[in-house]
Amino acid sequence: MKNKKALIAILAVAIFAAIGGTFAYFRYSQTFSNQFRLGAQEVKYVETFNSPSSWTPCTETPKTLVITNNSTSAINARVKITESWTKTEGNGSLPLKVNNQNMAVINFQNTSDWTLKSDGYYYYKNAINSKSSSNSFIKSVTFNCNAESDYSSARYQLSLHVETIESSAEARAREGWQL
């Protein structure tokens, strides 16, 4: 009886080995390794601005921003403007507007090329092709002629946050662009 059980066990192992060997015999696999090299987005931002040492009312200070696309494919661009006035003596901030007038007036240009959307960004209306540049939508900033004395020796901060993305509808939709 012992020999019979051992013989059945050996026979079962031999059958499984034969079936496994047959499956292994018909099995084939190969790996294909593919590498994709992505083009780099090479964008250059050129700002023209010289910070005045003593900004006085009615003074216009030139400020421009041009976006140059050195990539191999087209891009889209958007810019968000943030402003603030802070007191240099003591703490606190000052309002951007007094009597419904901006204390710092941003002088826009090329408004037909740029559009302000509900998300607060100015969008360049056209794709910026390879080796091309955008127009600047800002020409200068003027300190309001009717500025109150509270703004004497205050500091004005104008920040431009620039973003670019590949020029495809899918990329813009994915990132929530409102172009």
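Colleague: In this predicted model, how much of the contact network at a separation of 6 or more comes from residues 24 or more positions apart?

Modeller: Such a share tells you about sequence distance between touching residues. Here, 73% of the contacts with a separation of 6 or more join residues 24 or more positions apart. Along the sequence, the pattern is α-β-β-β-β-β-β-β-β-β-β-β-β-α, that is, 2 helices and 12 strands.

Colleague: And how many aromatic pairs does a search of the whole structure find?

Modeller: There are 13. To read one, look at the ring centres and the angle between the planes. W55 and W85 are stacked, with 6.2 Å from centre to centre and 15° between the planes. The two are 30 residues apart: W55 sits in the loop between strands 1 and 2, and W85 in strand 3. W85 is buried, at 2% relative accessibility.

Colleague: Why is the pair of Y123 and W177 edge-to-face?

Modeller: Because their planes stand at 75°, and over 60 degrees counts as edge-to-face; the ring centres are 5.7 Å apart. This pair also links distant parts of the chain, with Y123 in strand 9 and W177 in the segment after helix 2, 54 residues apart. Y123 has a relative accessible area of 0% and is buried; W177 is buried too, at 9%.

Colleague: Which residues join W55 and W85 in an aromatic cluster?

Modeller: F143, Y151 and Y156 complete that cluster.

Colleague: Which charged residues lie over the faces of F49 and Y121?

Modeller: Check the distance to the ring centre. K63 lies over F49 at 5.0 Å, and R78 over Y121 at 3.9 Å.

Methods: Residues are numbered from 1 along each chain as its sequence is written. This is a predicted model: local features need pLDDT of at least 70, side-chain atom pairs count only at pLDDT 80 or more; totals for chains, interfaces and linings use all residues. Side-chain values use heavy atoms; hydrogens and water are left out. Helices (H or I, at least four residues) and strands (E, at least two) are DSSP runs, numbered from the N terminus. Contact means heavy atoms within 4.5 Å. Rings of Phe, Tyr and Trp (its six-membered ring) pair if their centres lie within 6.5 Å; planes under 30 degrees apart count as stacked, over 60 as edge-to-face and the rest as tilted. Buried means under 20% relative accessible area, exposed over 50%, partly exposed in between (1.4 Å probe, protein chains only). A charge sits over a ring if NZ of Lys or CZ of Arg is within 6 Å of the ring centre and within 35 degrees of the ring normal.
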